[in-house]
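These are my notebook entries on what I looked up in the structure. I begin with a single loop residue and widen the view from there.

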Amino acid sequence: MNILVIEDEEALSEFILLELMHEGYNVTPAYDGRKGLELALEKNWDVILLDLMLPKLNGIEVCRRLKAVKDIPIIMITARDSIMDRVLGLDIGADDYIPKPFAIEELLARIRVIIRRQEKLKNLPEMTLSFKDLELNIESRLLKKGEHLIELTKKEYDLLFLFMKNINRVLTREIILENIWDYHADIETNVVDVYVMHLRGKLEANDKEGYIQTIRGMGYVMRE
Ligand code: CA
(Lines give C-alpha, C1' and ligand atoms only; values in the text may rest on other atoms or scores of the structure.)
Protein backbone atom coordinates (compact mmCIF):
# COMPACT_ATOMS: atom_id res chain seq x y z
CA MET A 1 0.00 0.00 0.00
CA ASN A 2 1.47 3.29 -1.10
CA ILE A 3 0.52 6.48 0.69
CA LEU A 4 1.50 10.00 -0.31
CA VAL A 5 1.56 12.48 2.56
CA ILE A 6 1.29 16.10 1.46
CA GLU A 7 1.86 18.13 4.61
CA ASP A 8 4.07 21.18 5.08
CA GLU A 9 4.45 21.05 8.87
CA GLU A 10 7.57 18.96 9.09
CA ALA A 11 7.10 17.75 12.65
CA LEU A 12 3.56 16.58 11.92
CA SER A 13 4.60 15.04 8.62
CA GLU A 14 7.44 13.17 10.30
CA PHE A 15 5.07 11.86 12.96
CA ILE A 16 2.52 10.66 10.39
CA LEU A 17 5.21 9.06 8.21
CA LEU A 18 6.68 7.14 11.12
CA GLU A 19 3.32 5.88 12.29
CA LEU A 20 2.30 4.79 8.80
CA MET A 21 5.62 3.03 8.22
CA HIS A 22 5.15 1.29 11.53
CA GLU A 23 1.81 -0.02 10.21
CA GLY A 24 3.59 -1.40 7.16
CA TYR A 25 2.61 1.22 4.57
CA ASN A 26 5.05 2.59 2.00
CA VAL A 27 5.10 6.33 2.49
CA THR A 28 6.34 9.29 0.50
CA PRO A 29 6.28 12.87 1.75
CA ALA A 30 5.71 16.10 -0.12
CA TYR A 31 6.06 19.45 1.63
CA ASP A 32 4.20 21.80 -0.67
CA GLY A 33 1.16 21.64 -2.93
CA ARG A 34 2.95 21.85 -6.23
CA LYS A 35 5.36 19.01 -5.49
CA GLY A 36 2.52 17.06 -3.96
CA LEU A 37 0.38 17.33 -7.07
CA GLU A 38 3.31 16.38 -9.27
CA LEU A 39 3.99 13.23 -7.24
CA ALA A 40 0.29 12.45 -7.01
CA LEU A 41 -0.02 12.45 -10.80
CA GLU A 42 3.21 10.58 -11.37
CA LYS A 43 2.56 7.35 -9.48
CA ASN A 44 -0.31 5.14 -8.45
CA TRP A 45 -1.21 5.73 -4.82
CA ASP A 46 -3.64 3.83 -2.68
CA VAL A 47 -4.40 6.83 -0.51
CA ILE A 48 -3.28 10.46 -0.42
CA LEU A 49 -3.24 12.48 2.80
CA LEU A 50 -3.61 16.09 1.86
CA ASP A 51 -3.22 19.08 4.15
CA LEU A 52 -5.51 22.00 3.41
CA MET A 53 -3.16 24.91 4.03
CA LEU A 54 -0.07 24.36 1.91
CA PRO A 55 2.52 26.64 0.35
CA LYS A 56 2.64 27.12 -3.44
CA LEU A 57 -0.68 25.40 -4.13
CA ASN A 58 -3.37 24.94 -1.48
CA GLY A 59 -4.97 21.60 -0.70
CA ILE A 60 -8.30 22.43 -2.32
CA GLU A 61 -6.58 23.24 -5.60
CA VAL A 62 -4.44 20.10 -5.42
CA CYS A 63 -7.55 18.02 -4.76
CA ARG A 64 -9.53 19.62 -7.55
CA ARG A 65 -6.79 19.28 -10.17
CA LEU A 66 -5.99 15.74 -9.16
CA LYS A 67 -9.60 14.57 -9.11
CA ALA A 68 -10.12 16.03 -12.56
CA VAL A 69 -7.76 13.45 -14.04
CA LYS A 70 -7.37 10.59 -11.56
CA ASP A 71 -9.65 9.01 -9.02
CA ILE A 72 -7.30 8.45 -6.11
CA PRO A 73 -8.79 8.41 -2.61
CA ILE A 74 -7.93 11.60 -0.75
CA ILE A 75 -8.19 12.27 2.97
CA MET A 76 -8.04 16.00 3.65
CA ILE A 77 -6.30 17.17 6.79
CA THR A 78 -8.05 20.34 7.92
CA ALA A 79 -7.62 22.79 10.78
CA ARG A 80 -10.34 22.67 13.40
CA ASP A 81 -11.82 26.08 12.71
CA SER A 82 -14.20 27.83 10.39
CA ILE A 83 -12.16 26.86 7.34
CA MET A 84 -13.13 23.27 7.89
CA ASP A 85 -16.81 24.11 7.62
CA ARG A 86 -16.25 26.12 4.50
CA VAL A 87 -14.22 23.40 2.91
CA LEU A 88 -16.83 20.80 3.73
CA GLY A 89 -19.39 22.95 2.02
CA LEU A 90 -17.37 22.89 -1.14
CA ASP A 91 -17.61 20.08 -3.55
CA ILE A 92 -13.95 19.40 -4.01
CA GLY A 93 -14.17 15.67 -4.29
CA ALA A 94 -12.19 14.61 -1.21
CA ASP A 95 -13.19 11.18 0.07
CA ASP A 96 -12.82 11.98 3.74
CA TYR A 97 -11.37 14.60 6.05
CA ILE A 98 -9.80 14.65 9.47
CA PRO A 99 -9.52 17.80 11.60
CA LYS A 100 -6.26 18.75 13.32
CA PRO A 101 -5.23 17.88 15.93
CA PHE A 102 -6.15 14.24 15.56
CA ALA A 103 -5.31 11.01 17.30
CA ILE A 104 -3.18 8.84 15.04
CA GLU A 105 -5.50 5.88 15.67
CA GLU A 106 -8.31 7.85 14.11
CA LEU A 107 -6.26 8.60 11.02
CA LEU A 108 -5.25 4.96 10.70
CA ALA A 109 -8.86 3.86 11.03
CA ARG A 110 -9.94 6.20 8.25
CA ILE A 111 -7.14 4.98 5.99
CA ARG A 112 -8.24 1.40 6.59
CA VAL A 113 -11.84 2.27 5.72
CA ILE A 114 -10.76 3.88 2.45
CA ILE A 115 -8.51 0.99 1.51
CA ARG A 116 -11.24 -1.55 2.25
CA ARG A 117 -13.66 0.43 0.10
CA GLN A 118 -11.15 0.48 -2.75
CA GLU A 119 -10.57 -3.25 -2.47
CA LYS A 120 -14.29 -3.88 -2.73
CA LEU A 121 -14.53 -1.75 -5.85
CA LYS A 122 -11.58 -3.56 -7.41
CA ASN A 123 -13.24 -6.91 -6.82
CA LEU A 124 -16.49 -5.99 -8.51
CA PRO A 125 -16.87 -7.84 -11.78
CA GLU A 126 -16.40 -5.49 -14.67
CA MET A 127 -19.49 -4.87 -16.67
CA THR A 128 -18.46 -5.22 -20.27
CA LEU A 129 -20.02 -6.05 -23.59
CA SER A 130 -17.80 -7.79 -26.12
CA PHE A 131 -17.87 -8.16 -29.87
CA LYS A 132 -14.88 -9.47 -31.84
CA ASP A 133 -11.92 -7.53 -30.41
CA LEU A 134 -14.13 -4.76 -29.02
CA GLU A 135 -14.79 -4.44 -25.32
CA LEU A 136 -17.20 -1.84 -24.09
CA ASN A 137 -17.13 -1.16 -20.37
CA ILE A 138 -20.57 0.08 -19.42
CA GLU A 139 -19.48 1.47 -16.07
CA SER A 140 -16.55 3.54 -17.20
CA ARG A 141 -18.05 3.93 -20.69
CA LEU A 142 -14.63 3.17 -22.15
CA LEU A 143 -14.16 1.27 -25.38
CA LYS A 144 -11.14 -0.92 -25.93
CA LYS A 145 -10.18 -2.39 -29.26
CA GLY A 146 -7.56 -4.98 -28.45
CA GLU A 147 -5.20 -2.99 -26.27
CA HIS A 148 -6.18 0.37 -27.71
CA LEU A 149 -8.52 2.77 -26.02
CA ILE A 150 -10.95 4.47 -28.38
CA GLU A 151 -12.59 7.70 -27.34
CA LEU A 152 -16.28 7.98 -28.02
CA THR A 153 -18.67 10.90 -27.80
CA LYS A 154 -21.83 10.32 -25.81
CA LYS A 155 -23.95 9.61 -28.89
CA GLU A 156 -21.32 7.28 -30.35
CA TYR A 157 -21.24 5.40 -27.06
CA ASP A 158 -25.03 5.13 -26.98
CA LEU A 159 -25.09 3.89 -30.55
CA LEU A 160 -22.38 1.30 -30.01
CA PHE A 161 -24.05 0.17 -26.79
CA LEU A 162 -27.29 -0.36 -28.71
CA PHE A 163 -25.55 -2.44 -31.37
CA MET A 164 -23.60 -4.50 -28.85
CA LYS A 165 -26.71 -5.21 -26.81
CA ASN A 166 -28.38 -6.45 -29.99
CA ILE A 167 -25.77 -8.59 -31.69
CA ASN A 168 -27.19 -10.28 -34.83
CA ARG A 169 -30.33 -8.18 -34.70
CA VAL A 170 -30.92 -5.78 -37.58
CA LEU A 171 -31.70 -2.33 -36.24
CA THR A 172 -33.73 -0.07 -38.45
CA ARG A 173 -33.00 3.64 -38.54
CA GLU A 174 -36.29 4.19 -36.76
CA ILE A 175 -35.38 1.86 -33.91
CA ILE A 176 -32.02 3.57 -33.57
CA LEU A 177 -33.60 7.01 -33.59
CA GLU A 178 -36.13 6.00 -30.99
CA ASN A 179 -33.46 4.64 -28.70
CA ILE A 180 -30.82 7.28 -29.01
CA TRP A 181 -32.52 10.49 -29.99
CA ASP A 182 -35.74 11.89 -28.77
CA TYR A 183 -37.99 10.59 -31.49
CA HIS A 184 -40.22 13.62 -31.24
CA ALA A 185 -37.36 15.95 -31.93
CA ASP A 186 -38.09 15.50 -35.63
CA ILE A 187 -34.62 14.39 -36.59
CA GLU A 188 -34.06 13.15 -40.12
CA THR A 189 -33.30 9.45 -40.27
CA ASN A 190 -30.10 10.17 -42.19
CA VAL A 191 -28.65 11.48 -38.92
CA VAL A 192 -28.36 7.79 -38.06
CA ASP A 193 -26.30 7.19 -41.20
CA VAL A 194 -23.98 10.03 -40.32
CA TYR A 195 -23.40 8.69 -36.81
CA VAL A 196 -22.90 5.14 -37.99
CA MET A 197 -20.30 6.48 -40.41
CA HIS A 198 -18.52 8.33 -37.59
CA LEU A 199 -18.57 5.27 -35.41
CA ARG A 200 -17.25 3.05 -38.20
CA GLY A 201 -14.45 5.51 -38.77
CA LYS A 202 -13.39 5.14 -35.14
CA LEU A 203 -13.74 1.38 -34.98
CA GLU A 204 -12.07 0.61 -38.27
CA ALA A 205 -9.34 3.17 -38.26
CA ASN A 206 -6.59 0.62 -38.84
CA ASP A 207 -8.14 -2.14 -40.90
CA LYS A 208 -11.03 -2.99 -43.20
CA GLU A 209 -12.67 -5.53 -40.94
CA GLY A 210 -16.35 -4.68 -40.76
CA TYR A 211 -18.00 -4.28 -37.40
CA ILE A 212 -21.23 -2.68 -38.46
CA GLN A 213 -22.84 -4.04 -41.61
CA THR A 214 -25.35 -2.20 -43.72
CA ILE A 215 -28.44 -4.17 -44.63
CA ARG A 216 -29.88 -2.48 -47.67
CA GLY A 217 -33.41 -1.26 -47.27
CA MET A 218 -33.44 -2.26 -43.60
CA GLY A 219 -30.79 -0.79 -41.41
CA TYR A 220 -27.64 -1.88 -39.65
CA VAL A 221 -26.40 -4.90 -37.75
CA MET A 222 -23.44 -6.14 -35.81
CA ARG A 223 -23.33 -9.73 -36.89
CA GLU A 224 -21.14 -12.54 -35.65
CA1 CA B 1 -0.31 23.28 6.51
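**Entry: Glu9.** I looked up the exposure of Glu9 in this predicted model. Its relative accessibility is 40%. Buried ends at 20% and exposed begins over 50%, so Glu9 counts as partly exposed. I located Glu9 in the loop that links strand S1 (2-6) to H1. I then checked Glu9 against Tyr31, which is 22 residues away along the chain, and found their C-alpha atoms separated by 7.6 Å.

**Entry: the calcium ion.** Which protein atoms are donors of the calcium ion? I list Asp8 (OD), Asp51 (OD) and Met53 (O), at 2.1 to 2.3 Å from the ion. Along the chain, I write the spacing of the donors as D-x42-D-x1-M. I also looked up the exposure of two of these donor residues. Asp51 has a relative accessibility of 3% and therefore counts as buried. Met53 stands at 51%, so Met53 counts as exposed.

**Entry: H1 and H5.** I turned next to the packing of helix H1 (residues 10-22) on helix H5 (residues 104-123). The axes of these two helices lie 11 Å apart, and the angle between them is about 60 degrees. Because 65 degrees is where roughly perpendicular begins, I record H1 and H5 as oblique to each other. I note the crossing of H1 past H5 as right-handed. On the H1 side, I find Phe15, Ile16, Glu19 and Leu20 in the contact. Their counterparts in H5 are Ile104, Leu107, Leu108 and Ile111.

**Entry: the peptide bond before Pro101.** Where does Pro101 lie? I place Pro101 in the loop between strand S5 (96-100) and H5. The peptide bond that joins Lys100 to Pro101 is cis, and I read omega as about -10 degrees.

**Entry: positive phi.** I looked for residues other than glycine with a positive phi, and record two here. Lys132 has a phi of about 50 degrees and is not a glycine. I find Lys132 in the loop that runs between strand S6 (128-131) and strand S7 (134-137). With a relative accessible area of 44%, Lys132 is partly exposed. Arg141, also not a glycine, has a positive phi of about 60 degrees. I place Arg141 in the loop between S7 and strand S8 (142-145). At 39% relative accessibility, I enter Arg141 as partly exposed.

**Entry: Asp158.** From Arg141 I moved to a residue that touches it. Asp158 is in contact with Arg141 and with Ile180, leaving aside residues up to four places away in sequence. Is Asp158 buried or exposed? I find a relative accessible area of 17%; the limit for buried is 20%, so Asp158 is buried. Asp158 sits in helix H6 (residues 154-165).

**Entry: H6 and H7.** I then looked up how H6 packs against helix H7 (residues 173-180). Their axes are 10 Å apart, at an angle of about 125 degrees. That angle makes H6 oblique to H7. I record the crossing of H6 and H7 as right-handed. From H6, the contact takes in Lys155, Asp158, Leu159, Leu162 and Phe163. From H7, I note Ile176, Asn179 and Ile180.

**Entry: H6 and H8.** I also examined the packing of H6 on helix H8 (residues 190-203). Here I find an angle of about 85 degrees and axes 10 Å apart. H6 is therefore roughly perpendicular to H8. H6 contributes Lys155, Glu156, Leu159, Leu160 and Phe163 to this contact. H8 contributes Tyr195, Val196, His198, Leu199, Lys202 and Leu203.

**Entry: the protein overall.** I closed with the totals for the protein. How many helices and strands make up its secondary structure? I count eight helices and 12 strands. The protein has 224 residues, of which 41% count as buried. I find that it exposes about 13,000 Å², with carbon and sulfur atoms supplying 50% of that area. I took contacts between residues at least 6 apart in sequence, and 54% of these join residues at least 24 apart.

Key: Residues are numbered from 1 along each chain as its sequence is written. This is a predicted model: local features need pLDDT of at least 70, side-chain atom pairs count only at pLDDT 80 or more; totals for chains, interfaces and linings use all residues. Side-chain values use heavy atoms; hydrogens and water are left out. Helices (H or I, at least four residues) and strands (E, at least two) are DSSP runs, numbered from the N terminus. Buried means under 20% relative accessible area, exposed over 50%, partly exposed in between (1.4 Å probe, protein chains only). Contact means heavy atoms within 4.5 Å. Accessible areas come from the Shrake-Rupley method with a 1.4 Å probe; for residues, only the protein chains shown count as cover. Donors are N, O and S atoms within 2.8 Å of the metal (3.2 Å for Na, K and Ca); water is not among the atoms, so sites may look incomplete. Axes are lines fitted to C-alpha atoms, for helices over the stretch in contact, and angles run from 0 to 180 degrees between N-to-C directions. Angles under 35 degrees count as roughly parallel, over 145 as roughly antiparallel, 65 to 115 as roughly perpendicular and the rest as oblique. A crossing is left-handed if the near helix is turned anticlockwise from the far one by less than a right angle, and right-handed if clockwise.
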